[in-house]
Amino acid sequence: MPHDIERYLNVRSAYGASIGPNDEQLAFLMDTTGVPQVWTVDESGGWPEQRTFFDERVTFVSWSPTRREFAFGMDEGGNERAQLFRYDLGDGAITNLTADPEAKHRWGGWSHDGEEFAFTSNRREESVFDVYVQRRDERGSDAELVTEGDGWLTLGGWSPDDSHLLVSQAYSNFDQDVSVLDIESGEMTLLTPHDGTVRFQSPEWGPDGDRVYLVSDRESDTLDLWCVDVETGAFSLVERDPDWEIDGVAVDDETGRIAYSTNVDGYTDLTIGDVRAPDSAESAAPTIEERPAPDLPRGVVGGVEFDDAGDRFAVTVTQRGDPANVYIVESGTVTTVGDEARSPAERWTRAATAGIPRDTFVAPELVHYPTFDGREIPAFFSLPESDTGVGETPVIVDIHGGPESQRRPSFSAVTQYFLANGYAIFEPNVRGSAGYGKAYGHLDDVENRMDSVRDIEAAVEWLQDHPAIDPDRIVAMGGSYGGFMVLAAMTEYPDLWAAGVDIVGIANFVTFLENTGEWRRELREAEYGSLDDDREFLESISPLNTIEEIRAPLFVIHGANDPRVPVSEAHQLVGAASEHVPVRERIFEDEGHGIAKLENRITAYSEVVEFLHEHVS
């Protein structure tokens, strides 16, 4: 007998680690209470201590480089208007640093002396983000406005001498710029002039602050590792993978220790080494002297943070068969694993699995299926242990959001619950997904939007031919943009589905763009099309306008405080669809774009299970 959904949703995750000064403690986020809070631990496998006790989710933690205090972020009710706070380990006192609940605040890091921190915020004007610097003992309006922005700005950290900040501006998920901001003068120097759409992501200061390292597709279809000379603006290629994207980089600006990740069909290969200066004046490109690969489990790896000396770093690792945990990699030493030299890694957290044996969690198979134009679409396919192989297994086609996101083999308690209850899970990375190069990512832009829905039709055709799957029991499920994909697939191909589950999904692109947060509209229009130029097309592909085509039962779940996809989308959808198919609706008054709180997740997925038992089982 499988465990109930509450048991699975009590499987915990530990992630987002920050190493304290002098390596005394590790801070991280863990959702033991049902929402992520800050915890600390002194040693590997040590007993963790909970530091924050809020009903709302904590979004990040960042330890001061010099004091026994850390900063953290928290919004209210999922509204994404995060405030920044400071926690003093001496007495447990918490200070609201920003104290502006109507504005969003995006953390930009501590100065090296721990006296100041930087952030971007839309407190001046809702649709744009400005750069602020604030002393650790100041609050609210005490923050200094360093420069006014004109779009979506984020920060990449302080230069080694604390005189400059790295500033990223996003025009779309496939087009960004990186600039250097002089804090004293407010002058911004663009590092990445370019034509067309080019990604410049994950910027990091190199040693001495004379170079910036980042990943970019400026000369290729996939992301490569580059450095740019701050003074001359000259770019140098550092590393390139001919097949896959180098999707992130972290550099210790004191020692030059570097770690970068390569996304290999969803799995992470992590490379570590040391940055070496150019061999001669004629050679502008630094090189990386590689160290042995870290001895980490095969899965999805991210969130690298170096310690003071640069000899160790914290990183989060998750697998489909194991929830997220924080590891410490000893990047300055070498051990032998089998016949291979490795950099030793040790798991510091022990996120509990609620008593469910890890060996009962199912790992997916990576498959590729053909679609209408001859492309091969990657997907993760998981069969339950109950599968008989004779066409009796129902399947959930679980579609990711974004759309420039990617389904990767990380842990999902909900996925494991469905598998334990006899459902197969099929997770396609349709055209438009990240991780496969910019050409693939652009295949669903604006007028090509529905081609990605045709990829879902092709997925169902592949599943119908699979010997394990019952072709009459195929379910569509997805959240956010994945919710749109569910609705579009059900209206475009109504006879394929036994049921659909839409979580915070877009039902009408026009009303979505009209009502979404002002800070998001321009970014989203670059992907979907604009209200001014593409309104007629956006109406034509909006599932709400063809909702009468749906033939299968539908479950709609939404958060009342959603700042990305307004709850009005859900109300419109339910009102229209309920006229001709069975529809269930669940609105959570204290949630935003997604379902974060444990009690709400239990309610939501318990009702999803009831819904599927009623209409599919």
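Visitor: What makes the crossing of helix 2 and helix 10 right-handed?

Guide: In this predicted model, helix 2 passes helix 10 in a right-handed crossing. The word applies because the near helix is turned clockwise from the far one by less than a right angle.

Visitor: And why is helix 2 called roughly parallel to helix 10?

Guide: Look at the angle: helix 2 (residues 413-420) and helix 10 (residues 598-615) pack at about 30°, with their axes 12 Å apart. Angles under 35 degrees count as roughly parallel, so helix 2 gets that label relative to helix 10.

Visitor: Which residues make the contact?

Guide: From helix 2 you have Val414, Tyr417 and Phe418, and from helix 10 Arg601, Tyr605, Val608, Val609 and Leu612. By class, that's 7 nonpolar, no polar and 1 charged residues. Arg counts as charged, and Tyr as nonpolar.

Visitor: Over to the sheet, then. What makes strand 25 and strand 30 edge strands?

Guide: Each pairs on one side only. The open sheet has 4 strands in the order 25-26-27-30, with antiparallel pairing. Strand 25 covers 300-306 and strand 30 covers 345-347. From one strand to the next, the twist averages 25°.

Visitor: How do you know that strand 27 and strand 30 pair?

Guide: Count the bridges: strand 27 (residues 322-330) and strand 30 share 3, in the antiparallel sense. Pairing takes at least two bridges, so these strands qualify as a pair. If you want a spot to look at, Ile328 has Glu346 in strand 30 as its bridge partner.

Technical notes
Residues are numbered from 1 along each chain as its sequence is written. This is a predicted model: local features need pLDDT of at least 70, side-chain atom pairs count only at pLDDT 80 or more; totals for chains, interfaces and linings use all residues. Side-chain values use heavy atoms; hydrogens and water are left out. Axes are lines fitted to C-alpha atoms, for helices over the stretch in contact, and angles run from 0 to 180 degrees between N-to-C directions. Helices (H or I, at least four residues) and strands (E, at least two) are DSSP runs, numbered from the N terminus. Angles under 35 degrees count as roughly parallel, over 145 as roughly antiparallel, 65 to 115 as roughly perpendicular and the rest as oblique. Contact means heavy atoms within 4.5 Å.
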